Structures are given as C-alpha cells and as structure tokens.
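Work through the exercises below with the sequence and the model open side by side. Each task sentence is followed by a solution that goes step by step.

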Amino acid sequence: MPSPTIANRAISDVQQQAYDAVQEHGSIRAAARALNKNYTGVYEAYNKAKAKIELDPAIRDSMTAVGTGLVPALAWAKTKSEDGTSYSVLLKPPHEAESDYIDRLAEAFSDIPVAPPIIQSEHSQEGKIAFFPQSDVHMGVEITADRGGVDYSPDIALERMKDGFAQTHAAIPPCETAIILDNGDLTHANDDKDATPRSDHRLKVTNSHRKNLALSATAKAWQIDMALQRSARVIYRSNRGNHDPNTPDAVGLALQHRYHNEPRVVIDQTERDTWIYQRGSIFLSAHHGHGIKPEKLAANIPPNFPLEFGASRFWYLFTGHLHNPRQDTFGAFQWFQLPAICAMDQHSADMGYTDTAAMRAMMFCERGGLKHDMTVRF
C-alpha cells in the first residue's frame, strides 16, 4: 500500500472496500455482486479510491504538500540538486480513455430490461420508408417564458419528443421501414462539466448528465416501440452534435441492450459523423451541420460513398445545428436544414429571431423519391 499521505487518508471506508473487492473479484460488476451493492455506487467508489491509490508518486506528493485530497488537473514538479542542476516537469494525471468510457457504458447498460415483443398491428407498404429526422433537442437546458418567450425544460423536451412523434407518426402511412434519426445535440451538454467540449463555452444545464441521458433514452425507446406497431423494420441512428459528441454512444448502447432480442430493430452505431442510408433509388444522408457548410457536405459525400450514391436517383441531405428550417439544392442533393425541437433561448429572443421549433417527418418511395412531407410546430 502507498505511504499514508493526505491523498490516501481521504479515502473513505466505502471507497477502500470497493477498491479491495474489485482487486479480489476482477471487475466492478463482480465486486458489486459480491458486496450486494448497486453497480453505479461501487463504480464511483472504486474509481475515487483508484484515482488516489494509483496516483503517480509525484502527483501524490504535490497533494500532500498543499494539504488537499483533490487530484489536480496539472502539477509542476521541480527538483534541486547539489550541483545546481534543476528540472521542471509538468505532470498531467491521465483521464479516462474513450475505450474505457465505452466499455463502462456497455457494462452499465447490460442489466437494462429487454423490450417485450411488439406485434405489428397494421400492414406496411412494401418499398416505403417513413423518415423521422429530429434535431437539437438540447435535453437539459431550461428556458423561462420571460427570457425566451416560452417555457422549456427537460420535462417539456420529453413531452415534445413524444407528442411531436405521435402526431407525425400517425400522419405518415404505414411503411415497410421506419427510420428515426437524432441529428445531433440530443443533450445540451456532453457530461457534468456543463461546457461545450471544443470551445469550453459554459452551459446552463438542469439535472445531472446521467438523468438527461436516461430521459433521452426513454423518449427514443418510446418512439421505437410506437414505430414497431406500424413498420416491419425500425432503424435508429443518433449523430454527434457539437454539444454532445458522446451522447450517441450512451443512448445507442442503452437501446442496443433493450432491443438485442428484437430482430426488427436496428441500432445504427457506425462510427462516422455523416450518416447515409440507401435503398432502391433513395439516398438519405445527414450530418449535424457544425464545422462544415451544407454545400461542402454535398460535394464531399459522393466520392466518400460512390457505390451507394451511384445506385440512386434521388439524393437528400439533412443538417441541423442552426435551429431554423431552410432548404435548397446543392448539385444532385435536395438539402433540408431541420428545425430545432428546443425552444428559443434568451439570445435568440433578444436578437428578434422567430421561434421555429418543430418536428418534421417524411415518406419516401424507394422508386419514386419523396411522397409525403409534414411538420408539427411546437
């Protein structure tokens, strides 16, 4: 065991018990079963203990020197020697690797109850595709009417996702395939830091990130269950947004565990920012829209997907990000900028923007292109 520094003395009995159990049983889940405790509690206690016990000695000594049990994000280690030579080293404790993050999500979701079988109640039209693109939900943001014009909160976001989908789903004829696309920024933040990952812009977030992920997954499971009643096959896809690049992994894994015994559901987990779907003459593509203009996207897609693009006669591109609906034509593509599901924030209201929050739905015929297009305003 490490020497009894301040960092080590900050380890509680619960944390030490969790750490010892994981060492003995080989995994957090096995340790949780042995201790007869909740997986999440053991996971958090173990990682707090591990962060202190397995610290680099220089980091641990720096914590002791300043009298803290908190692990610094950065620390300078400076040396002095008798011959006058000295060294200065910047130390940065390692953060959780993306592979560890994904493994942890998969393990955490492994106990999710399997979805009960859902009988298709209506005959679906062969060769027809129902498409439900949804963008910029921003689950977790809270807006009051006096600041943005209308109220918005996680509860309202959940209600909008259900109500908007129910209306559009009922209006689109039963189709052989239903595609539910979340086109980025499903959650307002990427984690409990409550900041945008790239620019570190601070965000006002209601609820923990864990709770907002759970609400998002609940809404998506509700939509998939409804789509299964009218479609022979349901495809779910979540694209990465600039606010939430890790959210698609979490929600996708949760849904994958829920529907792993349901052959009619496909959870698309392909690791690319641009999503495509091609069937017959139809080519659908989508990107959240941050960091690249739609005309550039339209030019980049054909050489990246030459077989799928070349086999099609009708090409469609969907983006979000800017929260207001637009459409145009770029080369072969009909481009649609999707409306946001979330309400306007104070900045949008102060700038005099119109609240265009809505949910859109379309129906495509694999031989004849777009046949139905409808929008539900919130």
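**Exercise 1: the contacts of one arginine**

Asp273 and Arg240 form a salt bridge, their closest N and O atoms lying 3.8 Å apart. The model is a predicted one, in which local features need pLDDT of at least 70 and side-chain atom pairs count only at pLDDT 80 or more, while totals for chains, interfaces and linings use all residues. Residues are numbered from 1 along each chain as its sequence is written, and side-chain values use heavy atoms, with hydrogens and water left out.

Task: establish which parts of the chain the pair of Asp273 and Arg240 ties together, and with which aspartate Arg240 forms a salt bridge at 3.4 Å.

Solution. Begin with the criterion: a salt bridge is a side-chain nitrogen of Lys or Arg within 4 Å of a carboxyl oxygen of Asp or Glu. Asp273 lies in the loop between β6 and β7 (275-279) and Arg240 in the loop between β5 and α10, so the pair ties together parts that are 33 residues apart in sequence. (Helices, H or I of at least four residues, and strands, E of at least two, are DSSP runs numbered from the N terminus.) Next, Arg240 also forms a salt bridge with Asp249, with 3.4 Å between the closest N and O atoms.

**Exercise 2: buried or partly exposed**

Task: decide whether Arg240, Asp249 and Asp273 are buried or partly exposed.

Solution. Buried means under 20% relative accessible area and exposed over 50%, with partly exposed in between (1.4 Å probe, protein chains only). Arg240, at 22%, is partly exposed; Asp249, at 12%, is buried; and Asp273, at 39%, is partly exposed.

**Exercise 3: a link between helices**

Task: locate the salt bridge of Asp225 and Arg258 in the fold.

Solution. The structure holds eight salt bridges, and one of them joins the side chains of Asp225 and Arg258 at 2.9 Å, N to O. Since Asp225 belongs to helix α9 (residues 209-228) and Arg258 to helix α10, the pair ties together parts that are 33 residues apart in sequence. Asp225 is buried at 18%, and Arg258 is buried at 19%.

**Exercise 4: the strand pair**

Task: determine in which sense, parallel or antiparallel, β5 and β6 pair.

Solution. Two strands pair if DSSP finds at least two bridges between them; β5 (residues 233-239) and β6 (residues 265-268) have four, in the parallel sense. Within this pairing, Val234 has Val265 of β6 as its bridge partner.
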